[in-house]
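These are my notebook entries on a structure that I had not examined before. I record what I looked up, in the order in which I looked it up.

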Amino acid sequence: MVQLHEQILRDAHQSMLATRMRTEDMLPITDKLDQVGFFSLEVWGGATFDVSIRYLNQDPWDRLNQLKKALPNTPLQMLERAMNIVAYWNFPDDVVKKFIYFAKKNGCDYFRIFDALNDLRNMETPMKATKENGGHVQACLSYTISPIHTVDYFVRKFEKLEKMGADTLCIKDMAGMISPKRAYDIINGCKDAGIKLPIDLHSHCTSGMTGMSYQRAAEAGIDILDTAMSPISGGTAAPPTESVVAALKGTEWDTGYDLELLIEIRKYFLEIWEKYRHLHRFNALKVDPSVTLHQVPGGMLSNLIFQLEEQDAHDKYRDILDETARVREELGYPPLVTPSSQVVGVQAVMNVLHGRYKVVTKETKDYCRGMYGKPPAEIKPEIMKKVLGLKWKDEVIDCRPSDLIKPMWDARKKEIMEIDGGSLVKKEEDIMTYILFPQVGLKFLKGEAKAEFTSNILPLKVDHQLMRGMVKQSFPEYKQLWIETVPPDQRAGPAQIPTEFEVEVDGEPFEVKVTPSGGFLVAGAGGAPTAGKPKDVEGGVKSNMQGTILGVKVKKADKVKKGDVLATIEAMKMEQEIKSESEGEVKEIYVKEGDSVSSGDLLMQIL
Ligand code: CO
């Protein structure tokens, strides 16, 4: 018998509806979902926490709580990014432990824990905490292809995870590139090695091979397969639940699920799919076998293309793909999943635009220092030299990254209790929300977050021709087509047509605004471009990338030297420094924190 792990309430809408499904659209179907008998239902974690407070104005803790009450018979699962929890950077042990405690208390039963680099040291604390709180640990390995990632590599690591106390194991194929043979070999290898724990295969349909891989996985003795109800399945999401149930019916792997009940649930999600039509992205529905060649996951790929477009360099597409593969090899073959996908992707873009390792992001430096964990293979010394300098050996840490972070809970708790007399904290979990996302979380707790939409105003009116153009913005050829076919005065559209979209990197949203002139710009924290500044001045310092100003490090009349940091900018989710290329005095500053800038925009004047 094979069991299914249902993804409809988490990974499916993260892959296909920008993680935007609202709690009120989940609750009406819980009764039926609870009757199926799924191995578990993934409902929480991943990008859902961030998106709930950032775009939905919904409390993620409430969602978990309500779902638990509505699904008493089905184990609920969350995706937990080891020491990153549900964010994108490391937290200290005390925060990770508290988080697991709160998640369990609010209704999470199974914790799917993974580390981007498969550094098992990063998985220890959340695994232990889960066990201590009576939860089920599903320990994952991020799947990727490289000379390091052999069948033996996965088997040995799974053996270790079994010893570390996992309850079940999971192959997390986030890019959907596991082939039938690889799926068979790894699962068979685990069973041959005497691994007793049930094994789960998580994959996406991106490459088009996944159905075949699931069949071979079944033949090798897989215990659990990840699927999503058909209306939000296929493409960049998981294979359809009903189809897998039907395919295995009458075989030794029969799930035993009631197909008629599933078809009823399907009807409900067909309506949901239609209701959220303003978020449909046509390319997310397509298979993309090229992922098997360059191994760049779909979400990351469309983002890279989009970034190139922004930097006015879409002719460099092929170069970027090659460079991504090269950087990944040089950095020790990290699986391309959050956050390593951003490190590799952005560095590849920088290398192509500015010369190899001429501009090195803070994240690449941190990665090379071991601040994300130990890379699967050794980073080449010549790269270490380029990134960290001649004394690179002194910079590299030996310990687990979180060992360098001081406990945080008490200090942050004190901080938020001092704001508005502590009135923002209605429950202890609110402190966690604040710790995980200090800015967005604070705004949410203050009641200043706005929902993009609520369920009762859906579906939004959508102009399909316009949508097509906007949704396809990541592909240069489609953008061109749109510009040619839609008259300029129609591009902005009436107010009910959404003008804000997002592209995704591994399911994490980037906001994209469509401006009335038909141009595209990315808004980080939502700032509009600064108007009214000159195009160019003598001694002008310009941004060499498109992004959001994080901080201005100088004041008017400051004296600066060559190499001084003038400002920090967040581009492609990475923090980068803009340094002075000359000596002089800061005469004028044209930007402020939170401003969105494009490549070539004037930032300040130094004479
Ligand atoms: Co996934």
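**Entry 1: The chain as a whole**

I began with the secondary structure and found 25 helices and 19 strands in the chain. The model is a predicted one, and I kept this in mind for the later entries. I then looked up burial: of the 607 residues of the chain, 59% count as buried. The exposed area of the chain is about 24000 Å², and 51% of it is supplied by carbon and sulfur atoms. I also examined contacts between residues at least 6 apart in sequence; 73% of these join residues at least 24 apart.

**Entry 2: Confidence**

I noted an average pLDDT of 86 for the chain, with 86% of the residues scoring at least 70. Over residues 469-531, however, the pLDDT is below 50, although this stretch has 154 contacts in the model beyond near neighbours in sequence. Where pLDDT is low, the predicted coordinates should not be read in detail.

**Entry 3: The cobalt ion**

Which residues coordinate the cobalt ion? I found Asp11 (OD), His202 (NE2) and His204 (NE2), at 2.1 Å. Along the chain, the donors of the cobalt ion follow the spacing D-x190-H-x1-H. I then asked whether the two histidines are buried or exposed. Histidine 202 has a relative accessible area of 1% and histidine 204 one of 6%. Buried means under 20%, so histidine 202 counts as buried, and so does histidine 204.

**Entry 4: Cysteines and disulfides**

How many disulfides does the structure hold? I recorded zero. I looked up two cysteines for their accessibility. Cysteine 368 is buried because its relative accessibility is 3%, whereas cysteine 399, at 27%, is partly exposed.

**Entry 5: Helix α16 and the loop after it**

I turned to serine 340, which lies in helix α16, residues 340-354. Serine 340 counts as buried because its relative accessibility is 2%. Which residues does serine 340 touch, leaving out those up to four places away in sequence? I listed Ala116, Leu117, Pro334 and Pro335.

In the loop between α16 and α17 (362-369) I found tyrosine 357. Tyrosine 357 is not a glycine, yet its phi is positive, at about 55°. With a relative accessible area of 5%, tyrosine 357 is buried.

**Entry 6: A cis peptide bond**

I looked up the peptide bond that joins leucine 458 and proline 459 and found it to be cis, with omega about -5°. Proline 459 has its place in the loop between α22 (438-445) and α23 (464-471).

**Entry 7: Strands β14, β17 and β19**

My last entry concerns strand pairing. Strand β14 (residues 559-560) pairs with strand β17 (residues 584-589) in the antiparallel sense, over two bridges. Lysine 559 has glutamate 585 in β17 as its bridge partner. β17 also pairs in the antiparallel sense with strand β19 (residues 602-606), over three bridges. There, glutamate 588 stands opposite glutamine 605 in β19.

Which residue in the loop between β13 (547-552) and β14 did I note? I noted alanine 557. The phi of alanine 557 is near 80°, which is a positive value in a residue other than glycine. Alanine 557 counts as partly exposed because its relative accessibility is 47%, which falls between the limits of under 20% for buried and over 50% for exposed.

Conventions:
Residues are numbered from 1 along each chain as its sequence is written. This is a predicted model: local features need pLDDT of at least 70, side-chain atom pairs count only at pLDDT 80 or more; totals for chains, interfaces and linings use all residues. Side-chain values use heavy atoms; hydrogens and water are left out. A disulfide is a pair of cysteine sulfur atoms within 2.5 Å. Buried means under 20% relative accessible area, exposed over 50%, partly exposed in between (1.4 Å probe, protein chains only). Helices (H or I, at least four residues) and strands (E, at least two) are DSSP runs, numbered from the N terminus. Contact means heavy atoms within 4.5 Å. Donors are N, O and S atoms within 2.8 Å of the metal (3.2 Å for Na, K and Ca); water is not among the atoms, so sites may look incomplete. Accessible areas come from the Shrake-Rupley method with a 1.4 Å probe; for residues, only the protein chains shown count as cover. pLDDT is the predictor's confidence in each residue, from 0 to 100. Two strands pair if DSSP finds at least two bridges between them.
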